[in-house]
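Visitor: I have a model open and would like a guided look around. Could you take my questions one by one?

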Amino acid sequence: MRAELRLEDGTRFEGTVFGAAGSAVGEVVFTTAMTGYVESLTDPSYRGQILVLTYPLAGGYGVPPDRPEGSLIGPFESSQIQVQGVVLQNPIDRYSHHAGTRSLSQWLESHGIPGIAGVDTRALTIHLRAHGTMRGWLIGGESAHGAIHEVEMDNVGWLVAPLEIVRYEGGDRTVLVIDAGAKDHLVRSLLARGVSVLRAPFTAEVAALAATVDGVVIGSGPGDPKQFGSLIDATRGLLRSYSRPIFGLCLGNQILALAAGGETEKLPYGHRGVNQPVRELQTSRCYVTSQNHGYAVINESLPQGWEPWFVNTNDGTNEGVRSTEQPHFGVQFHPEAHPGPDDTAYLFDDFLQLVHSMEKQ
Amino acid sequence: MQSSELPRRVLVLGSGALEIGQAGEFDYSGSQAIKALKEEGIQTVLINANIATIQTSAGLADRVYFVAISPENVSEILERERIDAILLSFGGQTALNTGLALEGSGTLSRLGVRVLGTPVRAIRDTEDRGLFIERLAEIGVKTARSYVCTTIEEAHTAARLLGLPVMLRGGFALGGMGSGIVDRESDLHAAAARAFGSGTKQVLVEECLRGWKEIEYEIVRDSHDNSVAVCSMENFDPMGVHTGESIVVAPTQTLSEAENQELRSIALRTVRHLGIVGECNIQYAVASGAFDYRVIEINARLSRSSALASKATGYPLAYVAAKLSIGRRLDDVPNGVTGCTTAFFEPALDYIVCKMPRWDLDKFRGASMRIGSEMKSVGEIMAIGRTFGEVLQKGIRMLDVGVDGLDPDAHCFDDLEDAIQNPTPLRVFAVAQALARGTSIARVAELSAIDPWFLGEMLGVLEVEASLRASTGSIASDLLRRAKQAGFSDRRIGLLTGATETSVRERRRAAGLAPGLAKIDTLAAEFPAQTNYVYASHHASACEVPDSIHPRVLILGSGPYRIGSSVEFDWSCVTAAKAASALGFETIMLNNNPETVSTDHDECDILVFDEISVESILDLCARLQPVGVIVSMGGQLPNRLALPLARAGVSILGTSADSIDVAEDRQKFSALLDQIGIDQPRWVHVTDTESAEEMVSRLGGYPVLVRPSYVLSGAAMMVAHAHGELVNILSRAAKVTPEHPVVISKFETHAREVELDAVAREGELLLVAISEHVEDAGVHSGDATIVLPPQRLYLPTIRRVREIATQLARALQITGPFNIQFLARNDEVKVIECNLRASRSLPFVSKATNRDFAGIAMRAMLGAPVDVLPIDLLELEYVAVKSPKFSFSRIAGADPMLGVEMTSTGEVGCFGHDLGEALLESLIATGFRIPKNGVLLSLGPVIDKYAFYDEARVLMEELNLPLFATSGTFDALSAVDIASTRLAKHPSEAGPSAMEAIERGLVDLVINIPRTFDSEGRPDGYLIRRAAIDARVPLVTELKLARAIVDALRTRAGRPRNLLAWDEIVPN
Ligand SMILES: Nc1ncnc2c1ncn2[C@@H]1O[C@H](COP(=O)(O)OP(=O)(O)O)[C@@H](O)[C@H]1O
Ligand SMILES: Nc1ncnc2c1ncn2[C@@H]1O[C@H](COP(=O)(O)OP(=O)(O)O)[C@@H](O)[C@H]1O
Ligand SMILES: [Mg+2]
Ligand SMILES: [Mg+2]
């Protein structure tokens, strides 16, 4: 069955239906990661977007069975496929892996997620790089004329935040994870290091919850950080009064910067992939990181009492901020990886060391 | 510790002659290292006797020594050149082991020479298999259960403790030398003996992991502890088949994200723990079920895999490693591809590459076809595309083994399951055949342990093939597109659908199906690439190479290295590209061999990493519009394409395609020679065995040279000495190509062989070099010892040779490089063949005379003026000798006897003030050792014994070497009062055998000149020759060479040796 991807600027890519035969609309973004499609497709930060898998072979190791409800196990990073649609080149139907029980196509189909295969993904990636990310319509199969569901990107955070507060037991100390679309591996990373996690939607009473825990992590999430006005305000309050460690990841980094009085900007085509190089400014140590964001903190906008922590060695954009006075800091990349390298997972150790260094709440 | 100060003068160790397991990749890595250091203002001195390399060309290193890489030479040069730092990791195992020896002996510290890059301690940790396991255990990284053994007895104990099967591996070894899996108790002793026999003192006996996945990562780390994993690779052939013998893809395909990251993390952790600075690779065995792994080894140096990874990703590993070795940070080294990012990143691929090895096992008489944990392949290709099927099909064609893609019917198998279970070079075809006949993927996977992922993709190709077969009439454009994307050639599509190649191409053109040219940009399109490193694919929709205002010239490379075509053609192509570039041309290089310098994207303006075929070249010309194509620099493969390309309307630069055809076609060439009165060995066409005998008598009787006219790989040239042999040869030849006649020539005995390399323009000679072979004709020119200037040719012969070259250049209107081989006996000169292209000896004559033959030829072909000093052979004050390097020790069972088929895998070229000095230098550089213990003579027929009396006396009386002789030779020597010890030729004979004497080290030079042949044409004395090879004892099998060696030993004995650099010998 024929399918088509139409971009906002009129460019068209033809292909065949992959996954569910349906249509989708959303911002078209690409990831250059060569593995990790299960992790990426379930990453809430991709909510509302059509994801292009630039690497031309997709689905080689299949997909494991769905996990039980309420479970946190990987490679799934949330309980559903988050993207609006998928664009790829050559799907592998005869996948091969001891954990795989179905093909990528079958998985997408069973979740009703449309896709298009047979697209020259490199050409598409070059187009998005050259012209910036843009909206696109994926039109496939019979439903070509049906209504297309579109995600309201101004409020996308509400869609991916958990509905209620969940507590995961893992140890003596407790860390609050403010969730605006965090990946499950953030929670797993903390649990694995022997702390308990209180996972709360970003809409919860942050200040009150923070007062009950030993540290706070502001997790990742989709879209423009400025949509999270209430969270920015709440964080501003925390920055003033909270002397325990606060660690922002990705969106969390931007929230910290905005709360502190800094600014963010939209990147032309974002950083998405598992090979983004960053440099820690003070030590000059470099790390390969996993990233997925379309906005960045403007280094020059940081107010007194804050400094850039990491920068991207490719384009010099901000990759982390920290307070020079308080144990408050954030990174623009994903130390929890999944997908991607775990070179910066040590940041969780550092964060928890700080947590442990303070008296228990 | 790294000193923060930059070194001033660095010694770079090359890798010497190409051999199995250590080939062109080190020319590439060494060249990059020299470039990287030069940029920093650091002076470089290079030791490498491999004269055909690019790294030894003028303009790269500040000084070059064409001598053996031995501890003695290196330490003398360190001193002589006032070197303050040394690079060990760019010349393969030879360089590394030499460096370790110099460090161990305290030479480096005595001379204050710093080892750049990975510290010696870390190198030891990785090379010593015992230490390695300990070091990894310290950080909880898993290795196979194993015992380090130093004796055969210990190996037995270890095998008992582990239980069979076990794997045996030597330390400090190269290309799996001497390693192997032992399944049966009864095989253990021999296998252990073999492992120890390869020169190592340490053999690891370990748990056998046959059938596990084999996965490899390339890692770089700087001295500031920044590190990245540049490339992951997965083997199609699972554990048990050496990576060098495996089909390999990058990136990995069957590992999940979590598994991939886990292995990457372990790699970085291990590399950090060992303290590697620069580049290394780490090899894993990975279980195919639930995740589990073992680290097999780390190579703390540039390797074949690193060359492959560089080409696969566009990340210049060797260049970066050299920068890191002098203390640079990864994020300080620019990414030359994007121009705006740094070397601190992990490449993202948006394509898949497939490396395939090329073997030439059928060139070796007596060799087993099985492949395993020891390397036997002589070359490789890399195919780039977007599905495994596509790159596999492309890759098979690139190998140039006469199979057009994944053809399931390409070969016949007596026992298909056996062919799948026990790997040979043909396994991939056996797998295809089984899948095509309906054997399930599960069954094939069970037999071969090849991951079902690969098999599934292969089945996908076969399904397209079935659709093509089923399609009738004009092929639908959808199916045509599908077939092109699956990697089918126009020719094969034609065969499957009953059309011609040309009509498929027409059909394709009409349907608008042209392959795009996509860039390899290291970051999967995330950043624009400044360089033009591209591949062609029908999955790519665009041509990413921008238009240019400069005229373009397309240079065809040589494809995979193989016996008879290797680094010399890479040198020619690279040198030619430089010349074209200097003239303002935009150069396009087309090649597919990842171990070359020509496929380095900064050697040309546009690098097309793709097939070298009529189809690919036509598609390429349509896209890039070059003014013409150079077919004469890349050896025989491009040369063969001249005529079909010209017929398809492509402009061939230089000598016309018609002239090339005349030179290549025996009939036409012979007629031309007759016409202009040039003598040639007499020859006839034979179409059936019955008439053969009569034909032979017409030629004047035996011996005769038999050439199957259609040289499919495997159909070799042979000499028949008697009727029986001829019948045998013919019956085999006929089996290969029934419809093709066989050419039989008079085999001229006791003739000298002369070689002429020249450049002409519009039929007029511009530059000529003449060299002679030490051996008599009958030893292939690629296996012969070549001397320049000739030392023993008569002046009239030289004059006649020149005259013939002048006549042929004129008759064929040659513009460009060419080579003629002659037979000279008394005052007769006969032409054997004439190649209208750069020859194997071109870099040798260029460097030996300091004339840029390839560059001048290129200028001539591009119509530019040339200005060149003629070479006066009589005026040269030195002698240059080119010697072959053989890899028989790696091909178990092969008879190391030289003949008309080439078997050497590499060569060196060395200099001296006289023939003796130059000959010994070059022999030593190929591994020859001056005999000290004794010499074994086994000299065949009486005439040779007579001819050797004087030499035997010299050996014994002047050089004080005890002589050993087999019975006939013993008798002959006794008759003239030369004392020797009699040894038996066969173990069955009474008394101590020659083989024992060799094994026990009583003799350290074997001269064996067989002259009797069995009905298969096999010379006698095989056991002696093989014993010499297996015991690493120098072996000489040709009388003239033996005499030259004895003469050289005599004249050089007791005289001091002058170690001189190239520029001190050959005037500029
Ligand atoms: N324990 C083992 N069991 C089975 N095969 C092995 C084992 N160890 C190594 N091999 C095979 O032998 C090959 C050569 O071993 P390796 O140590 O890599 O030698 P080299 O140093 O020559 O590369 C490997 O590529 C692998 O296929
Ligand atoms: N007629 C002949 N008599 C003696 N030796 C010959 C004759 N023809 C060829 N040879 C030997 O065989 C070798 C290979 O033959 P050649 O025609 O040059 O083959 P190739 O094309 O492989 O180079 C030559 O280098 C020469 O030593
Ligand atoms: Mg190895
Ligand atoms: Mg020849």
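What follows is a short chat about metal sites, ligands and a sheet in this predicted model.

Visitor: Let's start with the magnesium ion (ligand 3): which protein donors does it have?

Guide: Look for protein atoms lying 2.0 to 2.4 Å from the ion. One sits in strand β13 (residues 278-286) of chain B and the other in strand β14 (residues 293-299) of chain B, so the pair ties together parts that are 14 residues apart in sequence. The donors are B:Gln283 (OE1) and B:Glu297 (OE).

Visitor: And are B:Gln283 and B:Glu297 buried or exposed?

Guide: The cut-off for calling a residue buried is under 20% relative accessible area. B:Gln283 falls in that class, and B:Glu297 does too: both are buried.

Visitor: Over at the magnesium ion (ligand 4), which residues coordinate the metal?

Guide: The coordinating atoms lie at 2.1 to 2.6 Å, and they include both OE1 and NE2 of B:Gln821. B:Gln821 belongs to strand β30 (residues 816-825) of chain B, while its partner comes from strand β31 (residues 828-835) of chain B, so this pair links parts 12 residues apart in sequence. The residues are B:Gln821 and B:Glu833.

Visitor: Why does B:Gln821 count as buried, and what class does B:Glu833 get?

Guide: Buried means under 20% relative accessible area, and partly exposed covers the range from there up to 50%. B:Gln821 has 6% relative accessibility, so it counts as buried. With a relative accessible area of 29%, B:Glu833 is partly exposed.

Visitor: Now ligand 1: how many residues surround it?

Guide: The closest include B:Arg169, B:Leu209 and B:Glu297, and that B:Glu297 is also a donor to the magnesium ion (ligand 3). By class, the shell has 8 nonpolar, 7 polar and 7 charged residues. β7 (166-170), β9 (203-207) and β14 of chain B each supply at least two of them. The count around ligand 1 is 22 residues.

Visitor: What percentage of ligand 1's area does the protein bury?

Guide: Start with the polar contacts: a ligand oxygen is 2.3 Å from a polar backbone atom of B:Gly176, and one is 2.5 Å from an N or O atom in the side chain of B:Glu214. B:Arg129 adds a polar side-chain atom 3.2 Å from a ligand oxygen. Alone, ligand 1 exposes 550 Å², and the protein buries 97%.

Visitor: How much of ligand 2 does the protein cover?

Guide: B:Arg707 and B:Glu833 are among the nearest residues; a side-chain N or O atom of B:Arg707 is 2.8 Å from a ligand oxygen, and a polar side-chain atom of B:Glu833 also lies 2.8 Å from one. B:Val779 brings a backbone N or O atom to 3.0 Å from an oxygen of ligand 2. Of the 550 Å² that ligand 2 has accessible on its own, the protein covers 88%.

Visitor: Which elements give two or more residues to the shell around ligand 2?

Guide: That shell divides into 9 nonpolar, 4 polar and 5 charged residues. The elements are β24 (704-708), β30 and β31 of chain B.

Visitor: Last stop, the open sheet of 5 strands: which strands stand at its edges?

Guide: In chain B the order is β36-β35-β34-β37-β38, with parallel pairing. Further in, 3 bridges join β34 (residues 935-938) to β35 (residues 963-966), and B:Leu937 stands opposite B:Ala965. Each edge strand has a single partner, so one side of each is left without a neighbour in the sheet: these are β36 (981-983) and β38 (1035-1036) of chain B.

Terms used
Residues are numbered from 1 along each chain as its sequence is written. Chains are lettered from A and ligands numbered from 1 in the order in which they are written. This is a predicted model: local features need pLDDT of at least 70, side-chain atom pairs count only at pLDDT 80 or more; totals for chains, interfaces and linings use all residues. Side-chain values use heavy atoms; hydrogens and water are left out. Donors are N, O and S atoms within 2.8 Å of the metal (3.2 Å for Na, K and Ca); water is not among the atoms, so sites may look incomplete. Helices (H or I, at least four residues) and strands (E, at least two) are DSSP runs, numbered from the N terminus. Buried means under 20% relative accessible area, exposed over 50%, partly exposed in between (1.4 Å probe, protein chains only). A residue is near a molecule or strand if one of its heavy atoms lies within 4 Å of it. A polar contact is a pair of N or O atoms within 3.5 Å; within protein, one must be able to donate a hydrogen and the other to accept it, and residues adjacent in sequence count only if both atoms are side-chain atoms. Accessible areas come from the Shrake-Rupley method with a 1.4 Å probe; for residues, only the protein chains shown count as cover. Ala, Val, Leu, Ile, Met, Phe, Trp, Tyr, Cys and Pro count as nonpolar, Asp, Glu, Lys and Arg as charged, and the others, Gly among them, as polar. Two strands pair if DSSP finds at least two bridges between them.
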